[in-house]
Amino acid sequence: MKTDARKPFGIAELADKLLSEERVALFCHVHPDGDTLGSACALKIALTKVGVKAEVFCSDSVPLKYTFLPEIRNVKSELDGKFSAFVAIDNAEITRLGAFAAEFSEFKNTFNIDHHVSNTRYAAINYVVDGSSNSENVYDIINAMKVGIDGEIANLLALGIVTDSGNFHHKNVTKRTFLCAAELLERGADFNEIYFNAFSRQSPERVKLFSRVMDKIRYFEDGRIALITVSLSDLKETGAKQDETEGFIDFVMGIVGVEVGICLMQTDNNSYKASFRSKNTDVNAVASVFGGGGHKLASGCKISGSYEEAVDKAVSTVRRFLD
């Protein structure tokens, strides 16, 4: 794909283009969260309502806690048949598509709908608007398509907003976030059920893992930086799954004095997924040092090396940007 073909689209133009497609493949990012799943599935239903065939795909398995919404159970892991368009949903960069990245890069008619400031504009058509969730962007797109938002779509979009905004407590929550939520509530979104399944519901295995991880918090810079670790042995010995660690780092950010939280999730020998949260420091800049990114106050990347090497790389880089 030629670089000069990649351009930003206005929302009306984007809506018209999507409505003209025959069959659309919507792609979630690896390690799917509520926002990528909710916004992709909501857009699928909206397109189907107006006669455009659509399917949602994800390279990784869907966390069980999100399957309380029926449409999320229909997410597929393998492409089936021909499509007129590929649409990446909530993907800051093409590598986040996992096993679908190569096919996406070779496809001509591609869309990129996202909300991350670090987005690399890798598609032929890019619609990237910063916000607390990508579901807010999809909400606007569905309205621009003039598709009525029913209870099913409302629940999916509400899931994305609630999870990516940290139940409305992250700093990037805006008036727009609450206006979207209010409209979705009127359309039938059950915020009580969404909150319970996304945040409150706990498996015994997750409780064991949480206790073990928090018992080993490490502090740096006189408590301004806090680091937690989830090792492969922790997961094996507690029986918990990687996707059950969502929210761990948010707990760390509640500790008095902590300005930046780091979570190192071991994915293989000498390989870690690093997640950063911050109250003021630009952790998108921190993650970009390692080829990652996200938002100013919430970002992620991959770090290689032994455990202590990964700790040193993460902490020393945060120190460089610490506000």
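**F210 and its surroundings**

I started at F210, which sits in helix α8, residues 204-214. This is a predicted model, so I kept that in mind throughout. Is F210 buried, exposed or something in between? I got a relative accessibility of 25%, so F210 counts as partly exposed; the cut-off for buried is under 20%. Skipping residues up to four places away in sequence, I found F210 touching F248 and F251. I also checked F210 against E244: the two are 34 residues apart along the chain, and their C-alpha atoms are separated by 9.3 Å.

**The six-stranded sheet**

Next I traced the open sheet. I read the strand order as β7-β8-β9-β10-β12-β11, with mixed pairing. Its edge strands are β7 (218-220) and β11 (293-294), each of which pairs on one side only.

I spent a while on β9, residues 260-268. This strand is mostly covered, with 7 of its 9 residues buried. On one side I looked at β8 (residues 225-230), which pairs with β9 in the parallel sense over 6 bridges. For a landmark in that pairing I noted I225, whose bridge partner in β9 is V260. Then I turned to β10 (residues 271-278), where the pairing with β9 is antiparallel and runs over 8 bridges. Here I picked M265, and its bridge partner in β10 is K273.

How many residues lie between the strands in the hairpin of β9 and β10? I counted 2, and N270 takes a positive phi near 60° in this hairpin.

Moving along, I found β10 paired with β12 (residues 298-304), again in the antiparallel sense, over 7 bridges. Y272 is the residue I used as a marker there; it stands opposite I303 in β12.

**Helix α2**

I ran a length check on α2, residues 34-49. Its 16 residues at 1.5 Å a residue should span 22 Å, and the end C-alpha atoms are indeed 22 Å apart, so the two agree. The expected span takes 1.5 Å times one less than the number of residues. I then looked at burial: α2 is mostly covered, with 14 of its 16 residues buried.

Which residue caps the N-terminal end of α2? I found D33 doing so, with a side-chain oxygen 3.2 Å from the backbone nitrogen of D35. Just after the helix I came to G51, which takes a positive phi of about 90°.

**Helix α4**

I did the same for α4 (residues 134-144), which is mostly covered too, with 8 of its 11 residues buried. My list of the buried ones reads N134, S135, E136, N137, V138, Y139, I141 and I142, so polar names are on it as well as nonpolar ones. After the helix comes K146, and its phi is positive, near 60°.

**Nonpolar cores**

I pulled up the largest nonpolar core, which has 51 residues. The members touching the most others are L14, L43, I113, I142, L157 and L184. I opened up L184: leaving out residues up to four places away in sequence, its contacts are Y139, I149, A154, L157, A158, I161 and A189. There is also a second, separate core of 20 residues, including A274, V283, A314 and L322.

**E55**

E55 caught my eye in strand β3, residues 53-57. Is this glutamate buried or exposed? At 18% relative accessibility, E55 counts as buried. I listed its contacts, setting aside neighbours within four places in sequence: R23, V24, A25, L26, K44, K76 and F83.

**Cysteines**

How many disulfides does the structure hold? I found 0. Why is C41 not bonded to C28? C28 has the cysteine sulfur closest to that of C41, but the gap is 6.1 Å, too far for a bond; the cut-off is 2.5 Å. C41 itself has 0% relative accessibility, so I logged it as buried.

C263 is in no disulfide either, and I put the nearest cysteine sulfur, that of C301, 12 Å away. With a relative accessible area of 7%, C263 is buried.

How values were computed
Residues numbered from 1 in each chain as written. Predicted model: local features only at pLDDT ≥ 70, side-chain atom pairs only at ≥ 80, totals over all residues. Heavy atoms only, no water. Buried < 20%, exposed > 50% of the residue type's maximum accessible area, 1.4 Å probe, protein only. Helix = DSSP H or I, 4+ residues; strand = E, 2+ residues; numbered from the N terminus. Pairing = 2+ DSSP bridges. Polar contact = N/O pair within 3.5 Å; in protein donor to acceptor, adjacent residues only side chain to side chain. Core = buried A, V, L, I, M, F, W, Y, C linked by side-chain atoms within 4.5 Å. Contact = heavy atoms within 4.5 Å.
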